[in-house]
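Here are a few exercises to work through with the model open beside you. Try each task before you read its solution.

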Amino acid sequence: MEIQLWRSILCPYELAVKELTVKFKHIIEEYHENDRYSPIEQVSGRVKSVSSILEKMQRKDIPIEQLETEMEDLAGVRIICQFEEDIDTVAAIIRKRTDMEVKSEKNYLTHIKQSGYRSYHMILYYTVETIHGPKRLQVEIQIRTMAMNFWATIEHSLQYKYKGDMPPHVAERLSKASDAIISLDHEMSSVRNEIMDAQNSSQMQSNLVKDI
Ligand code: 0O2
């Protein structure tokens, strides 16, 4: 297929990624403007590369006519949170929005992938306005902690390096590293809860002093 044709297919997906990235970044700003902790730490997005699309079409036997219905991650947005509990908050924010419709959700936090991959995935329907009129398309949202992202980024580059043929001892070490990431996320949440408890009790004490 000609490059121009690929560009015309992927152009609305570029717009969707740009719009959604702006919208999620704006949520961070709104929290900060209201002096509140933001459950979103960072946002990034990408349109799948043509080589990656072709590889997935071949692997999943997807004909070109069904590309846009079958391949749900042509547009992808990644939302990074500080703490694991923020992931639920972000998913709830997305479910409530009127400009995004949730098609499906995959919880790789409760159903950890064999590789050790953890993340919360949502497939959304999102409408963009193009010069040909409105276009409703699918976008994959990946929500994960900074620690999960650290693991997934390194594992993804190793998968690329080994071209899907990762030596078992490397896969084993990555699986152990994934367990360490689970412990790290739990530990950081526990530290955060302790700090919040301490802050709440000192706030209560200062309120008591004011009342006296
Ligand atoms: P990219 O653009 O390189 O990120 P698939 O795994 O694609 O056959 P499916 O059902 O289409 O299966 O999607 P799934 O598993 O819900 O999500 C696919 C995306 O999740 C991947 O995109 C990765 O970004 C991420 N992902 C899923 N499993 C793993 C994993 O074991 N390790 C890492 N690092 N990431 C994973 P792609 O296709 O890799 O594309």
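**Exercise 1: Who supplies the shell?**

Three elements, α2 (50-59), β5 (133-145) and α5 (146-161), each bring at least two residues to the shell around the ligand. Keep in mind that you're looking at a predicted model. Your task: find which element gives the most to that shell.

*Solution.* Start with the three contributors, α2, β5 and α5. Then pick the top one: α5 gives the most, with 4 residues. Next, look at who comes nearest: of the 19 residues around the ligand, these are Arg46, Lys106, Lys113, Ser115 and Glu155. Finally, sort the shell by class, and you get 11 charged, 5 polar and 3 nonpolar residues.

**Exercise 2: Polar contacts and burial**

Find what lies 2.7 Å from an oxygen atom of the ligand, then work out how much of the ligand the protein buries.

*Solution.* Step one: the partner at 2.7 Å is a polar side-chain atom of serine 115. Polar contacts are N or O pairs within 3.5 Å, so check the others against that cut-off. Step two: glutamine 142 has a side-chain N or O atom 3.0 Å from a ligand oxygen. Step three: alanine 152 uses its backbone instead, with an N or O atom 3.0 Å from a nitrogen atom of the ligand. Step four: the ligand taken alone exposes 720 Å², and the protein buries 79% of that. As for where all this happens, the ligand sits in the largest pocket.

**Exercise 3: An aromatic link**

How many aromatic pairs does the structure hold? Take the one formed by tyrosine 37 and phenylalanine 83, and work out which parts of the chain the pair ties together.

*Solution.* The count is 2 aromatic pairs. In the pair of tyrosine 37 and phenylalanine 83, the ring centres are 6.5 Å apart and the planes make an angle of 45°, which makes the pair tilted. Now place the residues: tyrosine 37 is in the loop between α1 (3-33) and β1 (42-47), while phenylalanine 83 is in the loop between β2 (75-81) and α4 (84-96), so the pair ties together parts 46 residues apart in sequence.

**Exercise 4: The whole chain**

Write down the order of helices and strands along the protein chain.

*Solution.* First count the elements: 6 helices and 5 strands. Then read along the sequence, which gives α-β-α-α-β-α-β-β-β-α-α. To finish, picture the box that the C-alpha atoms fill, roughly 75 × 50 × 25 Å along the principal axes.

Terms used
Residues are numbered from 1 along each chain as its sequence is written. This is a predicted model: local features need pLDDT of at least 70, side-chain atom pairs count only at pLDDT 80 or more; totals for chains, interfaces and linings use all residues. Side-chain values use heavy atoms; hydrogens and water are left out. A residue is near a molecule or strand if one of its heavy atoms lies within 4 Å of it. A polar contact is a pair of N or O atoms within 3.5 Å; within protein, one must be able to donate a hydrogen and the other to accept it, and residues adjacent in sequence count only if both atoms are side-chain atoms. Accessible areas come from the Shrake-Rupley method with a 1.4 Å probe; for residues, only the protein chains shown count as cover. On a 1 Å grid over the protein atoms alone, a cavity is a set of points where a 1.4 Å probe fits but cannot get out, and a pocket is an open set with protein on both sides within 12 Å along at least five of seven lines; lining residues have an atom within 4 Å of a point. A molecule sits in a cavity or pocket if more than half of its atoms lie within 2 Å of its grid points. Ala, Val, Leu, Ile, Met, Phe, Trp, Tyr, Cys and Pro count as nonpolar, Asp, Glu, Lys and Arg as charged, and the others, Gly among them, as polar. Rings of Phe, Tyr and Trp (its six-membered ring) pair if their centres lie within 6.5 Å; planes under 30 degrees apart count as stacked, over 60 as edge-to-face and the rest as tilted.
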